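Me: I have a two-chain model open and want to go through it before lunch. Can you walk me through it?

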Amino acid sequence: MNGNSTIGEAAIRAGCQGYFGYPITPQNELTEYMATHLSRKKGCTFIQAESEIAAINMVYGASLAGARAMTSSSSPGISLKQEGISYLAACELPAVIVNMSRGGPGLGSISASQSDYFQATRGGGHGDYRTIVLAPSSGQELADLTHRAFDLADKYLIPVIILGDAMLGQMMEPVEFKYEAPEELPVRSNAMRGAKGHPSRVIKTFTSKPSELEEINWSLFRRYQLIKKQETSYEAFMVEDAELIVIAFGIAARIAKGAIKTARSNGLKVGMLRPITLWPFPSDKVRELAKKTKYFLVFEMNMGQMIEDVQLALEGKGEIFFHGRPGGVIPTPSEVSLIVSRLCYQKGLK
Amino acid sequence: MRKVYSRPKSLKRNPFHYCPGCGHSIIHRLIAEVIDEMNLRDIVVGIPPPGCSVFAHHYFDIDMAESAHGREAAVATGVKRTAPEVIVFTYQGDGDLAAIGTAETIHAANRGERITSIFVNNAVYGMTGGQMAPTTLSGQKTTTTPYGRDVSLEGYPIKMSEMLALARGAVYIERTAVSSPANIRKTKKAIRKAFQAQIDGLGYSLVEILSACPTNWRMSPLESWQWIEKEMTKEFPLGVIKDVTGASDAN
């Protein structure tokens, strides 16, 4: 199954009730999958919206009425959705937003890239907010993290971004779907469907009192702290005795893994840390690794974005190197192998 | 003694903050009366816009969720498709529905979404200080057309209701005004009819209401009401623009 369809199937099994999309390459298989399958499911809605902006606002409407709602797009389209994501964050409404990212800036290329890391992990739209960002690196993880995304969104009442890329979306891989939501999900208690049996409610983001907004910002911030504590996740691969640790996420980590296996077969002690949540970033784990390991190679398919989080985590400890390929160029494992072995040679690592 | 007039249940006990002569408070009240009379309070969700009426939830005693500027029709679509039993209405101004939200509005109408839009046309951006709106009249002075709207540069007052009437999914569109007791009564009737079209599941309905903004028009309330009747209705004639609610080809 291709990665985009995998997300669609996993979303339906997670109980997604509303999907609102707009065509953009390289994520169209997801929209088409939902048009074929979600639209036929009882009580569920599929709309091909007139724009990405309309799509995210339909998600906003569906979410406030209590549905598990989702949209997907790719980089330029995700930029258009930022207004809506900011409102979702402000109103504490759960939603899942998939970005099968491509090269940028501008219309860019349709090939895989990781250049939306900053946008995804820093909120993306206006205002002081964060979204949970999940970075899958395989077909199986696309399925697992899609399910997790819906649960996290509902648990913390927060928009959750799945940050994939063109390659993950197009790649065909066997997948096992481990979860099936019950036929009918309970309606969220705060779903807005009319003031029957309770006082009327308001979902608002605007206030004329700065102190009121400050309190809202604090309450969001406290939740973000809780998410950091409870939901940070990563994969550590052969790090125990590693003298050099590659830090990479998503498809780049998949590429790097091949290079690390080659390095190990050549006797080089190289490991990898792969953040699965990009926000919250596994800073504590990076710090912990720096107690034993001195050298870190950050590898990204951009000009260096996650490296800033690594630098912040290391607080000046260790030595950080960077290898990046922007623009939608797909680096090969042998290219990363070369960088790794050169670094090991330069630093005298055996 | 018989009580003949009181605050609708769908309005809270908060005094309106709107300027003297502003139409919002009248329109709020009309909507609340219709919601009461049609017994919709338990199942209605209102989507107010940014702008002066961003505080609509301060007055309406119904479920309300704010929308980003111009996105009300998309938000309402999301609500309605998720919970078809809910009666959803958007409350939008002219900058909102006729400029930034044109795409969302036209496509919601074209899909025949079972939602109702209350479109308050006062020919200016009110809350931001009286800038030119898409519906500003030719020659009308605003803070961004200080020499009067020059149609050769700034285009013509846009006629959303007439444009929307072309959408097959729109079943009921009427333009009214809150410029006189008679027109206020007609407006209430139109709002009721628009809600009824939604209840009957026929399609998209919209009531465009010509309303005064005396503060930004630099007029007294009375002058502004007269200006609606004398000037605005020339460009925006009142009446039913489309009504296929009784026709067999209504969605």
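Reply: What follows is a run through the contact between the chains, the domains, the core, the sheet and a few backbone details.

Me: What kind of model is this, and how are things numbered?

Reply: This is a predicted model: local features need pLDDT of at least 70, side-chain atom pairs count only at pLDDT 80 or more, and totals for chains, interfaces and linings use all residues. Residues are numbered from 1 along each chain as its sequence is written, while chains are lettered from A and ligands numbered from 1 in the order in which they are written.

Me: How many residues does each chain put into the contact?

Reply: Chain A puts in 33 residues and chain B 29 residues. Two residues are in contact if their C-beta atoms, placed from the backbone, lie within 7 Å.

Me: Which element of chain A gives the largest share of that side?

Reply: α3(A) does, with nine residues. β2 (45-48), α3 (52-64), α4 (75-90) and β7 (202-203) of chain A each supply at least two residues. Helices (H or I, at least four residues) and strands (E, at least two) are DSSP runs, numbered from the N terminus.

Me: And how do the residues on that side divide into nonpolar, polar and charged?

Reply: There are 16 nonpolar, eleven polar and six charged residues on the side of chain A that touches chain B. Ala, Val, Leu, Ile, Met, Phe, Trp, Tyr, Cys and Pro count as nonpolar, Asp, Glu, Lys and Arg as charged, and the others, Gly among them, as polar.

Me: Switching to the sheet. What is the strand order?

Reply: The order is β7(A)-β2(B)-β1(B)-β3(B)-β4(B)-β8(B)-β7(B)-β9(B), an open sheet of eight strands with mixed pairing. β7 of chain A and β9 (239-243) of chain B stand at the edges with a single partner strand each, so one side of each is left without a neighbour in the sheet. Two strands pair if DSSP finds at least two bridges between them.

Me: How does β7(A) run against β2 of chain B, parallel or antiparallel?

Reply: Parallel, with two bridges joining β7(A) to β2 (residues 63-65) of chain B. Val202(A) stands opposite Met64(B) there.

Me: What about the β9(B) end?

Reply: β9(B) pairs with β7 (residues 170-177) of chain B in the antiparallel sense, over four bridges. Tyr172(B) stands opposite Asp243(B) in that pair.

Me: Now chain A on its own. What are the domains?

Reply: Domain 1 is 3-195 + 207-231 and domain 2 is 235-346; these bounds come from an automatic or database domain assignment. Their C-alpha centres lie 27 Å apart. In the contact between them, 30 residues of domain 1 meet 22 residues of domain 2. On the domain 1 side α5(A) gives the most, with four residues.

Me: Where does the largest nonpolar core sit?

Reply: Both domains of chain A give residues to this core, so it lies between them. The core has 188 residues, and those with the most contacts inside it include Val59(A), Leu134(A) and Ile118(B). A nonpolar core is a set of buried Ala, Val, Leu, Ile, Met, Phe, Trp, Tyr and Cys residues joined through C-beta atoms within 7 Å. A residue is buried if 20 or more other C-beta atoms lie within 10 Å of its own, exposed if 12 or fewer, and partly exposed in between; C-beta atoms are placed from the backbone.

Me: What does Val59(A) touch?

Reply: Not counting residues up to four places away in sequence, its contacts include Phe20(A), Met70(A), Ala95(A) and Gly78(B).

Me: Ser224(B): buried or exposed?

Reply: Ser224(B) is buried, with 24 other C-beta atoms within 10 Å. Ser224(B) is in helix α10 (residues 221-235) of chain B. Beyond its neighbours within four places in sequence, Ser224(B) is in contact with Gly21(B), Ala212(B), Pro214(B), Trp217(B) and Met219(B).

Me: Last topic, the backbone. Where are cis peptide bonds?

Reply: One joins Thr25(A) and Pro26(A), with omega about 5°. Another joins Trp279(A) and Pro280(A), with omega about 0°. Pro26(A) is in the loop between β1 (18-21) and α2 (28-37) of chain A, and Pro280(A) in the loop between β11 (277-279) and α10 (283-290) of chain A.

Me: And what is phi at Asn39(B)?

Reply: Near 60°, a positive value in a residue other than glycine. Asn39(B) is exposed, with 9 other C-beta atoms within 10 Å.
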